[in-house]
Amino acid sequence: MPRGSEHDLTGILLENGFYPILRMPGGGEWRLDITKRHKHLVGTRVRVVGVRDGFDLLAVQKIEPA
């Protein structure tokens, strides 16, 4: 998966300091570069649409309950 590739993912949103984490159902995690409000979604299953901006970093364009 190259940088700049678009992703539409579903998983559990977890708090992790500066970058929240999206934990995937099959294992693995993405750090989320997010500027929108997300605190009310922590601990819930969410859908995240974003662009890969690093090895495990997604620049979030959209986040919503799944």
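A nonpolar core is a set of buried Ala, Val, Leu, Ile, Met, Phe, Trp, Tyr and Cys residues joined through side-chain atoms within 4.5 Å. Buried here means under 20% relative accessible area, exposed means over 50%, and partly exposed lies in between (1.4 Å probe, protein chains only). The model is predicted: local features need pLDDT of at least 70, side-chain atom pairs count only at pLDDT 80 or more, and totals for chains, interfaces and linings use all residues. Residues are numbered from 1 along each chain as its sequence is written, and side-chain values use heavy atoms, with hydrogens and water left out.

The largest nonpolar core has 13 residues, of which L22, W30, L32, V46, V48 and I63 touch the most other members. Two or more residues each come from β1 (6–14), β3 (29–33), β4 (45–52) and β5 (57–65). The most come from β5, which gives 3 residues. Strands are DSSP runs of E with at least two residues, numbered from the N terminus.

Contacts, defined as heavy atoms within 4.5 Å, extend from the core member L32 to L13, Y19, P20, L22, V48, L57, L58 and V60, leaving aside its neighbours within four places in sequence.

Strand pairing requires that DSSP finds at least two bridges between two strands. β1 pairs with β4 and with β2 (residues 21–23), as listed below.

| Strand pair | Sense | Bridges |
|---|---|---|
| β1 and β4 | antiparallel | 7 bridges |
| β1 and β2 | antiparallel | 3 bridges |

In the pairing with β4, T10 stands opposite R47. In the pairing with β2, L13 stands opposite L22. The hairpin of β1 and β2 has 6 residues between the strands, and G17 there takes a positive phi near 70°.

Two further residues can be described by their surroundings. H38 lies in the loop between β3 and β4. H38 counts as buried because its relative accessible area is 10%. Not counting residues up to four places away in sequence, H38 touches L13, E15 and P20.

K62 is found in strand β5. Its relative accessibility is 38%, so K62 counts as partly exposed. With residues up to four places away in sequence not counted, K62 touches K36, R47, V48 and V49. The residues K62 and F18 are 44 residues apart along the chain, and their C-alpha atoms are separated by 18 Å. In a regular strand the side chains alternate between the two faces of the sheet.

How values were computed:
Helix = DSSP H or I, 4+ residues; strand = E, 2+ residues; numbered from the N terminus.
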